[in-house]
Amino acid sequence: MIARLTLDNGLRVVLDPTPAGPIASVAVHYGVGFRSEPPGRAGFAHLFEHLMFEGSEHFPDRGYLAEVLAAGGQASGTTHQDYTDYFHTVPAHLLERALFAEADRMRAPRFTERGLAEQLAGVEREIQEAVHEAPLGGFPWPLLPDVLFNTFPNAHDGYGDTRALAGVTVADCEAFFREHYAPGNAVLTVSGGGDPERVARLVTRHFGDIAPRAVAARPALAEPEPDEDRVRFRTAGRATGGEGAVAVGHRLPDPTADPEGYLAHLVLARLLTDAGRRSPAARIADAACGFFGPFDALDPDVFVVTLRHPEGDPLDAVLAELDTQLRAAAAGLPGAVVATTVGRLAAELHRTGHGPLARARALGRLEVLYGRAELHDRLPDLVRAVGPGRVAAAARRLLAARRAVLVMTPASASARGGLTAVSAAVTDGTPAGGPEGGPGTGTPAEPTPSGAAPAQGAPAQGGPAISAPDISAPGISTAGEQPAAQAPSLRTAADAGDRTGADTGSGDRTGADTGARTVVGTGERPEAAARAAVRSEATAGAAGRPPAGAVRQGAPRPGPRTGLRFEGWAGGEAGPAAHRVVAVRDGRAPLCEVRLRLPLRPGTAPAEAFLFAEVLSARWAAHPALDGDRTVTVVGGRVHLDGRLVSPAPSGRAALLAELACAPLREDELRRAAPRAGAALRARRRTLDGLLDHLLPHLLAGGGPSVPPLADALPAEAVAHWAGRCPPWAGGGLFAVVGDLDPDAAARGALDALAAPRPGQETAGPVRTGQGAGAGSPGPASRPAAREGLTRLRLPGPPRLVWTAHEPALAARPAVEDLAVRYLAAGVLGSGHPHARLTVLTTPEAPLGFPVFAGRDSRYGAPRIFVTADLPRAGAVAAAALVRREIRRLGEVPPTDAEVRAAQRYCGGQLYSAFETQGELADMVAAWELLGLDSGRAAAFADAVADLSPTAVARTCAEVFTVPPFTGVLVGETADPHGAPAPATSEVTP
């Protein structure tokens, strides 16, 4: 039960005593957003949010942010229509320090001419990348509001005009602070802090003496509904592969005056989204309440539907598909269909709404907007109460109302053309004329939070800050796994991007965000990636695994320093391929998180991986016991299934998952899956991560500059070849289940199912050759030497870099200490904290640094180290070489004792965050297991990290960073100064 208090200065406080383990989260919501901006100051609220990270009286020069990051915590901020929030998560023993710092910022922020200039430059870059350079930049937000609304607060672009913002002064910032950032206009929320009375005393101690101030009135937002349909056409700023997009906007019911009507539209949005995902030919991509998620704004807000617009299709045909679905809903959908949808939606609200950070942000948001923080915990039950009648009424309302239509037509030229690669040998890490000496000095990159490892092609900062809905839908995403189409949030230039990668920064784990994210400065990197990488690298190697078929169980004792523990754990290995099974009890939400990681045998045609993925997805969808959402993708030579089961979730479902994954393939299901698999394959090949998944295995296997062709279709004989055979999973697959279950029963059932003989199992092996680079990867013993050097891919967009190498092999059963030292070595190199080697790199073109980040994962058949970076356009090749040289330098110049201690502090804090939510714990368990760590020994691993000596870390750095050859890929457009020297290159066309 949440507790409330109001201080004498007007500050409202929400205290959430929900247990959060070893971490706590603090959020402050101010009742000001971009709808509070006056004409002529569009974008000022977002710019000001950036500036609030510049420092305060007791923490000048971004001092507290650096302190949080150094402790392995996370801090960020977002700007929305009607509020701005600042939030951070820290180890629980640092809660009072976090409250003191937040009070210092509320009392006395520091604004300087230098900080203002830096943040203006950062906002300008953010807008350039997110709106002007993205294929569908500005779609549907911030373009659609200007079609639907008339008044400036509702219609204007919250990103703003950088030319107008250039006139902002420090005095303007101070005035904005006085008008809007008073205690009486704020809500402070603490989640996971323990005893509410103790937390209330801390809050009063640090916030109680802040002087009260008058608060500026909110702007008038009411305006009449449109009296006619409105249509606007825009041309996409970047090529979109021949497919355009359409966004349709309607006014939503007022969530305060008509909450039942609002909830009915929320369910209708989910029904439309699910309908669009049932067929590859469907035009509906997503539907959502609100640009940044449901219950995220005051009235008026927008019901948004995004649709694919294939080239040559009339606009009327696209809109007719939406109208057909709305008429079906208005006529009355079957009760069973609505019941299934509301069950899944309620489960998703549970899933995205637990954990201290998600709760702090959601409770504070609902309190500052509606004075109803308790609505957060009631929403799942309120959604379950929505029936077909209320959905029908919502659909009739939309059919009768006028709408706004935004049409984005594709740019004329294809973005990816013929995919040209340029090979550049960088034998010593420095091209001719490149920077000399050690790393430069400058402001460290500032990370933003996240819960998963960053995509290999997405550097810590990752893609555009505002990410438009994925109209091309790469991968196989089914049954509404992803949140309904949210327009991108205004994020600041530091958010990352993709499902396997940095979850676009911290607060977005709530599933309903996102708003403008701030990571401060010009060289900032989101914690999202930073945290992720350290986490995924923390996964390294199994110590003392039980024999095949055995189940080991029990709750490991917490370590003396970390306190990491599971409620219950069981695991083992079974089956001809020795797949790993792990089950963990976590009762914080009435769900079970499922993670399947299934590697393909070497030589399997890459295109066929998508066929097996689609079959697995269809089997899940067809089975009534698997009642949650799932996403199935092909990543790095493995089929990944991320799913969830709605409670009550019998432990026997783990056995069912094993059976579905390994059962022989039927010809009928293969034929049904083939069209979707082909579409998913083509969509994946259009993504940066898909291209890298094609190119890097070739380079890591020692391949030359001639890149194998990209497959764009399934082999014609694939269905006939695989009918009757079992999927060609290689050894070392993973079945992990985390949630409200009996771990022993779940693990034992899955192990028994994997060990059972199956028809066609003997013929699972035949693999054909001559199909191009294999989706599977050879084992360590047969792996050829990688190719050292840098390969350039000339594609649109800013320069992005990845350097990677397979790590030297460890023993078959490495000790926990051997795994911990590799984790820590990557932390010393550059996993997101201010003292990492890569963090302080600068170039003449980027004197304040650039986002760069190191991590570990297990793509392409074995553990590998990788470094990703967003580089300046000018001098990108020289910067890539500088990064490579610094990687080698860490092996040649041992880390100091201070560097090791800093990495230990950071990594220790990061390990706490693995337990933030069920989903993050499942991601972490999967990452640990794939890199070889028995997840049941998490406490021993954390203690080993804390106990490592600088000598051991130095020895590992020499082994990992100097011995293996590193392969680099530089993607994007560069603008090196005219006449700048560059390494010799050779043009090749794959």
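How many bridges join strand β17 to β19, and in which sense do the two strands run? Let us answer that first and then walk through the rest of this predicted model. Strand β17, residues 591-599, is joined to β19 by nine bridges, and the two run antiparallel. Within this pairing, Arg597 stands opposite His640 in β19.

Strand β19 also has a partner in β18, residues 630-635: six bridges join these two, again in an antiparallel arrangement. Here Val632 stands opposite Leu641 of β19. β18 and β19 form a hairpin with two residues between them, and Gly636 in that turn has a positive phi of about 55 degrees.

Now look at β19 itself, which covers residues 638-646. This strand is mostly covered, with nine of its nine residues buried. In a regular strand the side chains alternate between the two faces of the sheet. With that in mind, you can inspect each side of β19 in turn. One side carries Arg638, His640, Asp642, Arg644 and Val646, the other carries Val639, Leu641, Gly643 and Leu645, and all of these residues are buried.

His640 is a good place to pause. This residue is found in strand β19. His640 has a relative accessible area of 9%, and because buried means under 20%, it counts as buried. Leaving aside neighbours within four places in sequence, His640 is in contact with Leu596, Arg597, Thr631, Val632, Thr633 and Val635. In sequence His640 is 45 residues from Arg595, yet their C-alpha atoms are 7.3 Å apart in space.

A similar walk can be taken around strand β10, residues 302-310, where eight of the nine residues are buried. Strand β8, residues 243-251, pairs with β10 in the antiparallel sense over nine bridges. Strand β9, residues 284-289, is joined to β10 by five bridges and also runs antiparallel to it. Val304 of β10 links the two pairings: Gly249 stands opposite Val304, and Ala288 stands opposite Val304 as well.

Next, turn to the early part of the chain. There you will find an open sheet of six strands, in the order β1-β2-β6-β3-β5-β4, with mixed pairing. β1 (3-6) and β4 (74-79) stand at the edges with a single partner strand each, so one side of each has no neighbour in the sheet. On average, neighbouring strands of this sheet are turned by 15 degrees against each other, direction ignored. One of the pairings joins β2, residues 12-16, to β6, residues 186-191, in the parallel sense over five bridges. Leu15 has Val190 in β6 as its bridge partner.

Helices accompany this sheet. Helix α1, residues 44-51, lies across β4 and β5 (84-91), running at about 165 degrees to β4. Helix α2, residues 63-70, packs on the sheet too, touching β4 and β5, and its direction makes about 40 degrees with that of β5.

What about the nonpolar interior? The largest nonpolar core has 74 residues, and Phe48, Leu99, Tyr181, Leu188 and Phe207 touch the most other members. Not counting residues up to four places away in sequence, Leu99 touches Val26, Leu188, Val190, Leu202, Val203, His206 and Phe207. Apart from this core lies another, of 67 residues, among them Phe566, Val877, Leu882 and Leu921.

A charged-residue name also turns up among the buried positions: Glu367, found in helix α13, residues 356-370. Glu367 counts as buried because its relative accessibility is 7%. Not counting residues up to four places away in sequence, Glu367 touches Arg4, Arg12, Val14, Val187, Arg372 and Ala373.

Farther along the chain comes helix α23, residues 816-830. Its 15 residues reach 22 Å from the first C-alpha to the last, close to the 21 Å expected at 1.5 Å a residue. α23 is mostly covered, with 13 of its 15 residues buried. Just after α23, Gly832 takes a positive phi of about 120 degrees.

Finally, a word on cysteines. A disulfide is a covalent bond between the sulfur atoms of two cysteines. This structure holds zero disulfides. Cys907 counts as buried because its relative accessibility is 0%, and Cys957 counts as buried at 0% relative accessibility too.

Note on methods:
Residues numbered from 1 in each chain as written. Predicted model: local features only at pLDDT ≥ 70, side-chain atom pairs only at ≥ 80, totals over all residues. Heavy atoms only, no water. Helix = DSSP H or I, 4+ residues; strand = E, 2+ residues; numbered from the N terminus. Expected span 1.5 Å × (residues − 1). Buried < 20%, exposed > 50% of the residue type's maximum accessible area, 1.4 Å probe, protein only. Core = buried A, V, L, I, M, F, W, Y, C linked by side-chain atoms within 4.5 Å. Contact = heavy atoms within 4.5 Å. Disulfide = S-S within 2.5 Å. Pairing = 2+ DSSP bridges. Axes fitted to C-alpha atoms, helices over the stretch in contact; angles between N-to-C directions.
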